[in-house]
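Biologist: I am new to this structure and would like a close look at a single part of it. Please start from one loop and work outward from there.

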Amino acid sequence: MKQSLSITPISMITASITLMMLSGCGSSSSDGDSTQTQVTAQTQNTASTTTATNTSTANNNASSNTTSSDSDSSTAQNTAETDNGTASVANSTDGVLCDYFYNEFNDSASVQATSNADWSCTGAARTLTANGIPDHQTGTFPNPGNPNTISETSVSISYTLTPTKTDNSSTLGGPRGATGYVLNGVKIDANTAGSCDDSGDNCTLVGNTGSWSIEALGQTSFDFGTDDNNAHVQPDGSYHYHGMPEGFIALRGGSDSTMTLIGWAADGFPIYARYGYSDAENAQSALKVMAGSYQLVENVSNSRPSTSVYALGTFAQDWEYVAGSGDLDECNGRYGVTPEFPQGIYHYYATDSYPYFQRCVKGAL
């Protein structure tokens, strides 16, 4: 997953850190033909340890005021009033959103194209054909942090209807493939290909050549040009999500009064947004905001770039999974009942806290 980015650190002093800027986003490095630009970064001279959770929450609050539907017809198509169905057989997702279809023109200034997504269930597989165009309002693209233009991309994937949870996890993203797709056919890929060396003086936005992997969200040292949907654009025109897809959730009628199914993970398990039952096994229990179980590291590595320049939370390695510290496992998932799966199923969440979207899957691939 790659994109071309301008790096815009928020500064207190200017540091002579030259960043090699290529098209880069996600754990991929196939943008070798992209134009190279040298920029001098101004870095933040502060020991701030502002967490990613606060930044993401602020983004989400802002997006709730700015995101709107494209038309009355598209809103009617996508709202939660649509019956998602319920699983027809135990240990299967068949019967849930097996006929999801959307085909509407998106008049957002940076889109101006028809969004198409067609999910169907045949035999043992759930398939998606789509063109990657979002169905909601987007931010402005190109922008200073992301010079790429949204355009159609061919999406054709097939996931199992009988997902099986394992004791292991499989890390996805970038060249390893999307961790999943939102129902509108837009892919989920939370990592970036940006990295810094141990000194922090040499940072590149492609290739993951450095030891410290830069996060797209929850940090203020690098501007990845994401919009209020926590998304941006790759050089090939692919719009993709790093975090909570606020515009889509709004179209689906997402609120604190219902669980909102927003997509499917690569292992076939469902993905929900933000809210889950406070008692995972009780559909009558109150809904609550799900929290990831990652915390900022307490013991900072001596080889890490200075926290006075790059606050904790800037790099993926700044976070560690602490079982029981939140509601979810290391892949941002848990087992429990949902409206579509009253008998219970393993499922994932998009969260306001790190890792925002799952970086791995627990089901067999």
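Modeller: Asn-143 lies in the loop between E5 and E6. The model is a predicted one. Asn-143 is buried, because its relative accessible area is 18% and the limit for buried is under 20%.

The side chain of Asn-143 takes part in two contacts described here. It reaches the backbone nitrogen of Asn-146 at 2.7 Å. A polar atom of the side chain of Asn-143 also lies 3.1 Å from the backbone oxygen of Gly-225.

Gly-145 is found in this loop too, between strand E5 (125–130) and strand E6 (155–160). With a relative accessibility of 1%, Gly-145 counts as buried. What is the spacing between Gly-145 and Thr-226, in sequence and in space? In sequence they are 81 residues apart, while their C-alpha atoms are 7.8 Å apart.

The strands on either side of the loop come next. E5 and E6 pair with each other in the antiparallel sense, over six bridges. In this pairing Ala-125 stands opposite Thr-160 in E6. E6 has two faces: Val-155, Ile-157 and Tyr-159 make up the covered one, and Ser-156, Ser-158 and Thr-160 the uncovered one. Thr-160, the residue opposite Ala-125, is thus placed on the uncovered face of E6.

E5 and E6 belong to an open sheet of four strands, whose order is E3-E4-E5-E6 and whose pairing is antiparallel. The edge strands of this sheet are E3 and E6, and each of them pairs on one side only. On average, neighbouring strands of the sheet are turned by 10° against each other, with direction ignored.

At the other edge, E3 is joined to E4 by six bridges, and these two strands run antiparallel. Tyr-102 stands opposite Ala-117 in E4.

E4 also brings in a disulfide. Cys-98 and Cys-121 form this link, with their sulfur atoms 2.0 Å apart. The link between Cys-98 and Cys-121 is left-handed, with -85° about the S-S bond. The pair connects distant parts of the chain, 23 residues apart: Cys-98 is in the loop between helix H2 (72–78) and strand E3 (101–106), and Cys-121 is in strand E4 (residues 113–122).

Are Cys-98 and Cys-121 buried or partly exposed? Cys-98 is buried, with a relative accessible area of 19%. Cys-121, at 21% relative accessibility, counts as partly exposed. The limit between the two classes is 20%, so Cys-98 at 19% falls in the buried class and Cys-121 at 21% in the partly exposed one.

The structure holds three disulfides, and the other links can be set beside this one. Cys-196 is joined to Cys-203 by a disulfide with an S to S distance of 2.1 Å. The torsion about the S-S bond of Cys-196 and Cys-203 is about 105°, so this disulfide is right-handed. Cys-196 is buried, at a relative accessible area of 1%. Cys-203 counts as buried as well, at 3%.

Cys-331 and Cys-360 form a disulfide with their sulfur atoms 2.0 Å apart. The link of Cys-331 and Cys-360 is left-handed, with -115° about the S-S bond. Cys-331 lies in the loop between strand E20 (319–321) and strand E21 (333–336), and Cys-360 lies in strand E23 (residues 360–363), so this pair ties together parts that are 29 residues apart in sequence. Cys-331 is buried, with a relative accessible area of 0%, and Cys-360 is buried at 7%. When the bonded cysteines of the protein are numbered in sequence order, the pairing reads 1-2, 3-4, 5-6.

Some totals give the setting for this part. The secondary structure of the protein comes to three helices and 23 strands. Of the 365 residues of the protein, 56% count as buried; Asn-143 and Gly-145 are among the buried residues. Among contacts between residues at least 6 apart in sequence, 65% join residues at least 24 apart. The protein exposes about 14100 Å², and carbon and sulfur atoms supply 46% of that area.

To return to the loop between E5 and E6: Asn-143 is buried there, and its side chain reaches the backbone of Asn-146 and that of Gly-225.

Conventions:
Residues are numbered from 1 along each chain as its sequence is written. This is a predicted model: local features need pLDDT of at least 70, side-chain atom pairs count only at pLDDT 80 or more; totals for chains, interfaces and linings use all residues. Side-chain values use heavy atoms; hydrogens and water are left out. A disulfide is a pair of cysteine sulfur atoms within 2.5 Å. Buried means under 20% relative accessible area, exposed over 50%, partly exposed in between (1.4 Å probe, protein chains only). Contact means heavy atoms within 4.5 Å. Accessible areas come from the Shrake-Rupley method with a 1.4 Å probe; for residues, only the protein chains shown count as cover. Two strands pair if DSSP finds at least two bridges between them. Axes are lines fitted to C-alpha atoms, for helices over the stretch in contact, and angles run from 0 to 180 degrees between N-to-C directions. A polar contact is a pair of N or O atoms within 3.5 Å; within protein, one must be able to donate a hydrogen and the other to accept it, and residues adjacent in sequence count only if both atoms are side-chain atoms.
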